[in-house]
Structure formats: structure tokens, C-alpha cells
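Trainee: Please take me through one part of this protein closely, step by step. I would like the reasoning as well as the values.

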Amino acid sequence: MLTSRRSLAAVTLTTALVIAGAPAASATAEPKIKVSDGVTQPVFSYADAIREHVRVQSPVDSDGDGKKDLIRVDIIRPKESGSGLKVPVVMHETPYYDEPGVGYEIEKKTYDANGNVTKFPMWYDNYFVPRGYAFVSVDMIGTRLSEGCPASYGAPDVLGGKAVVDWLNGRASAYDDQGAPVTATWTTGRTGMIGHSYEGALGAAVAGTGVQGLATIVNIAGYTSGYENSRINGVLTWFKDAAAWQSKRVDKDPAEKCAAVRQKLREDSDDATGNYNAYWHERNYRTGSVSKARNIRASVFAVMGMQDRNVTSNQIPEWWALLPSTVQRKMWVTQYGHLEPFWARRDVWVDTLHQWFDHELMSVANDIMRQPRVDVQLGPDRWITQADWPAPTQNVTFRPQQDGSLGRTPSTGAGNYLDTAQTEVAMAADPATANSNRLAYLTPPLKTAIRVSGTPTVSLRLTLDKPAANLGVLLVDYGTDTRIDYLENSLTAAQGLTFIGGESCVGQSTAEDDGCYLKAGDNLETSGLNVVTRGILDAQNHKSLSRSTPLTPGKPYQITWKMLPQDYEFKAGHRLGLVLTGTNDDFNRDVSGNGTGEDVEPGTGAKVTVDLAGTSISLPLVTGTSVK
């Protein structure tokens, strides 16, 4: 996460009040929502907007204190909504208002003497309130000023957010600081949830309850299956006790308040086996016990980074494929890591999101739904559009050869390596050099470019000398090129972006909340290789994710599984590489800050013997391309 702060000198009271220099609305005018050129216009005063807060009663008692948890909701809405104007809602729910803060500038709420927010993190309030929207900022259950205990994506987290949507539509109760009931008479009830990471997951989860009134969600790099994000095919890829740590991280209450809840999270998540169970089924927003993709009524705008190490690239595609056919949808596919497109493609993102919310929440007759459904980034400053994702493809199978090449026909022979924990750079480097911890196979230089779009599949015929091994597979682009550096993680560059100096202002401002943010651009590097995607599997889970089955040493097994999705172009002259290896150390570090620094999965040390005749990788290549 980028943590650079803008200098105070860059933020002054003379900051432009509205985007593109448009004048602020008069404080005495009584404007109505205005639409021009297919979008709403900033005719309402942000400075004069109504600021208030309520506590919405949730249906859960997550901390076991004998009463239903109250959810803190901070609101800013046009002044005119107090005298008859009905407005839709942009809703941002997050657990991060306390720690670590919200967005890449790590913003937090500030309050006035009456407890109303004077600074809302992010830019949604600055931009959308002047255009006739209310902005609703929700402290997730158990965080900031909400009651209860955070459940690490579990049912209380989901149902707390659903209760807010219910209140906005007259189906739930809310109270002011004196305990008096408060109703949301100022809203149409049409609500759009937006958020990044945990926040995006909350939108997907609340939508999966089928709640009425939630008209659209914008899921930016939010997970849709906790299991598949924390245990890739049985391999622990988050640190041990991650569920309890995540709950404590965002909860600033005394530790003893939620100690019992966190102990149950620790036990139920079952780090010992890495198996799928009822705990993970509750946190499965595709087909789980609380939220299901098939129940979604809201339209969906999704964003996924194909090189995201925090929320893996399968999270959106697997969920996307399960959405009902009636769900209107749009997607951006990037080559970045875990970030929001506001930082990468700001002007286009703001314009697109503006059209989307206007169409879905205001019923503005613009052309957003007639535009191509998907934007795909193929490289630095290189974007294309297409009708859906993945693009139309045909599966092409590549097979490792005994001479170290990667071809199209079956081979004979065998190879072996040891299951040890290695970084992807170490696995992929110097493919022609013998390495006891991996096998590498490369095609000849490609005569024409080929593009992968979708989910590769790998199949290995193997034997082990131990009952267990972690299996790793890398698809690598070998060829010198200037690429987005998604691996750097520093104060000035991370997730594929770097700060480039200066700011741009989005929406109207006040002295407390300027709506201005640092500018960023692609963080580029020239390199001789790029790990395109990967596949990880605990061999003991090759039959079932819910049950571990040790392998019989010396017995041959045919094991087939999906790699992580990708959309990537291999340029002419480059070589496509397949690397077979063990434990992937890039998904293996203890990042909890507890000081251990230990690998979650250190590698079994097992010797893996691969029968080349039964080993292959199947790539979804965009229709019309051929391998030459």
C-alpha cells in the first residue's frame, strides 16, 4: 500500500472547488438534479451539504452482549434533500476507518463537536454530492464507532451492511445519539456500494443476500471466496491465524471484548489442514451459506488486477461466471497488483464511474451500457475493449520435452525436483541452468504474438517419495521488454504504480476536505522475463478441497488443476516458458507483523518425479492466433 503523504503546502484553501473549474452552486439557490451530455452536473453546494449520523440496528449480536449491534453510518447529502429532493445513495462500507486508514493516502475520518464527519476519506463525497447524490460512509460491524466484533468476512460483517441498505429502504431501524428513531425520508432508496479489497468483498457479499434497493455494486479487487484467496487449492497462502489477526487489526476496542470471537475464528478456520469447511462456506460469496452469486439483483462493475498478490486473480472471474444472465455488468482487467484504478487511469475511471452511477442510480439515459463491456490492459498505456471476458478463445496444449523445450507433441522421459520454498523470481531465473528445485521448459522464439485470455489448466503425471508435497507451476514470458513492475513495494511505488508529483482535484472542496489526490503513473522496468501466472496445489487435496488424502510414495498420480486467470500478450520473438516447482514463496510470507517472519508453508522436501508423457499445460489462446 502506498503511504506517501501530500505536503501540507500543496493543500490550500484556494484549491479549485469543482472539477474542470466549474463554479460552485449558490448557497441560496434551490437547484434540482441537472443532466447534460448524458451525465449529472455539479449544481449542488458541497460546503452547504447536510452532515449527520445515525446508528442502524443490525440483526446480529456479534459480541454476545445480549443486544443487537448498532452500525455507525455517517451521511452527507445535498441541502435540498432536506426540503423535498429525493436522492440516491453512494455507499462506502469499510473496516479500515481506524486502522490502517482508507485508500492509498491512508485517510481517516475527522469529526466536529456534534460528532458529524468534516472529512470523509476518498473522493466519492466531493464528486457525487454536488451532482445530487447522498454519500453514506459505514463503519463495518465491530470497527470504528460501530458495535460488535468484526468477523473476518463472516456473516456479521455481511448482515451489518445489509441492514444499512434495508434502513435506506425503510425496512430497518436507526437512532440518533439520544436514541430517537430516524428514518431516511430523503432518499429514493436506490443504493450503490463501492469499495476496494475488503470493501469490495462486502459489496459482493451484501449483493449476494438479494437485498432489495441495492441497485449496483462496484467491486474493486474484492474477494468472493475466502478459502480460494487464503488457501489456494489447499496450500496456505496467508499467514497462520490470519482470521483472528485481521479481526484484531481493524478493532481498536480493548482486546478482551472480542477475545472469544477471535479464538473461535482461529479454531474454525483450521490452519492445520488447509481444508474447506463450514467456516469457509460462510465466507464463500459465490455458493456459500450467507451470500450467493445467483441471488444477486444489483448490476456489477468489477475490477481485477491480474498480478494481485493480496486478492488473487481468480476471485472476480469465478464469481462473474456465476452471476445471473440478467445482471448488467462491466469489468476492467489490469496488469497491476492490488490497487484502485483511480490511481492508474484517473480521468477515464472517474468519467466511467460517473456514467455508471448516473445510469444505475438516477436512470440517466446515457450510453454506458452500449459501450464495450470490458476494458483490458495489455501493457503500459495499452488498453483495448471487448464484448466480454474472457475473449473468445481456443485451448492449445503445450507439452514439456526431454531436451528442455516446450512443444505441441507428447514426449518421453522424466524429470525430478525437490519441493522447497522459493520465490517466483528464483524459480524462473536462468532457465537453461540446472536447478534441483525446479524443471524449466521453453518454446522456440515465437514468430507471431499470441494472447492468453482466461484460465490455463495444468496436468502432471507424477510420483512422490513422501505422502505430501506442494506443487507449483509458473507460466513465464522470456524476452526483454519494458513492463509494469508489480513487485516493488516501497513508499513511492507499489502494486505497479509510482507517484509522479503533483495532485489533481476531484469534485468540490472545503477547508477540511479538499478532494485532491497525488498523481501516479505506471512503475516501469525493463526485464528479461515476466512471471505471467501461476498454479499452486497441495497434492493431498487433489481429489477434494474438503478432505486431505496423503499420497502413496512411489505410486503414480495424474493431477490436474486450474492455474490463476490471466489476460496477457506474448510478443513475437519472446519464448513461452513452463516452470514446474514446489512451494511458492511469493504467497508464503508471514506479513502479520507479529515478528516471526516464518514461512507458512516451508516446503515438504519431497522429491517430485514428473513423467513428461503425461504432463501438459493447456492455454486459452484468443481465437484467430496460432503458435508459430
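Mentor: The part chosen here is the set of disulfides, followed by a helix and some enclosed spaces. Keep in mind that this is a predicted model.

The count of disulfides comes to 2. One of them is formed by C149 and C258, with the sulfur atoms 2.0 Å apart. This pair links distant parts of the chain, since 109 residues separate the two cysteines. C149 sits in the loop between β8 (134-139) and α2 (155-168), and C258 sits in the loop between α5 (242-249) and α6 (259-269). Both cysteines, C149 and C258, are buried. The angle about the S-S bond is -90°, and the link of C149 and C258 is left-handed.

The other disulfide joins C505 to C516, with an S to S distance of 2.2 Å. Here the separation along the chain is 11 residues, with C505 in strand β26 (residues 497-505) and C516 in strand β27 (residues 516-522). The torsion about the S-S bond of C505 and C516 is about 100°, so this disulfide is right-handed. Its two ends are not alike in exposure. C505 has 28% relative accessibility and therefore counts as partly exposed, because that class lies between the buried limit of 20% and the exposed limit of 50%. C516 has a relative accessible area of 1% and is therefore buried. Counting the bonded cysteines along the chain, the pattern is 1-2, 3-4.

Now go back to α2, the helix on one side of the loop that holds C149. α2 has 14 residues, and at 1.5 Å a residue these should span 20 Å. The C-alpha atoms at its ends are 20 Å apart, which agrees with that expectation. In α2, 12 of the 14 residues are buried, so the helix is largely enclosed by the rest of the structure. Among the buried ones are A155, P156, D157, V158, W167 and L168. An α-helix has 3.6 residues a turn, so residues three or four places apart point the same way. After α2 comes G170, whose phi is positive, near 80°.

The loop that holds C258 lies between α5 and α6, and α5 leads on to the enclosed spaces. There are 6 cavities of 30 Å³ or more. The volume of the largest cavity is about 160 Å³. It is lined by 17 residues, and S230, W238, A242, A243 and W280 are the closest to its centre. α4, α5 and α7 (278-282) each supply at least two residues of this lining, and the largest share, 3 residues, comes from α5. By class, the lining of the largest cavity has 8 nonpolar, 5 polar and 4 charged residues.

α4 also has a part in an open space. It is one of the elements giving two or more residues to the lining of the second largest pocket, together with β12 (231-232) and β29 (557-562). The second largest pocket has a volume of about 320 Å³. Its lining has 21 residues, with E228, N233, L545, W561 and K562 nearest its centre. β29 gives the most to the lining of this pocket, 4 residues. The lining of the second largest pocket divides into 9 nonpolar, 7 polar and 5 charged residues.

Definitions and conventions
Residues are numbered from 1 along each chain as its sequence is written. This is a predicted model: local features need pLDDT of at least 70, side-chain atom pairs count only at pLDDT 80 or more; totals for chains, interfaces and linings use all residues. Side-chain values use heavy atoms; hydrogens and water are left out. A disulfide is a pair of cysteine sulfur atoms within 2.5 Å. Buried means under 20% relative accessible area, exposed over 50%, partly exposed in between (1.4 Å probe, protein chains only). The expected span of a helix is 1.5 Å times one less than its number of residues. On a 1 Å grid over the protein atoms alone, a cavity is a set of points where a 1.4 Å probe fits but cannot get out, and a pocket is an open set with protein on both sides within 12 Å along at least five of seven lines; lining residues have an atom within 4 Å of a point. Grid points are joined across faces, edges and corners, and a volume is the space filled by probe spheres set on the points. Ala, Val, Leu, Ile, Met, Phe, Trp, Tyr, Cys and Pro count as nonpolar, Asp, Glu, Lys and Arg as charged, and the others, Gly among them, as polar.
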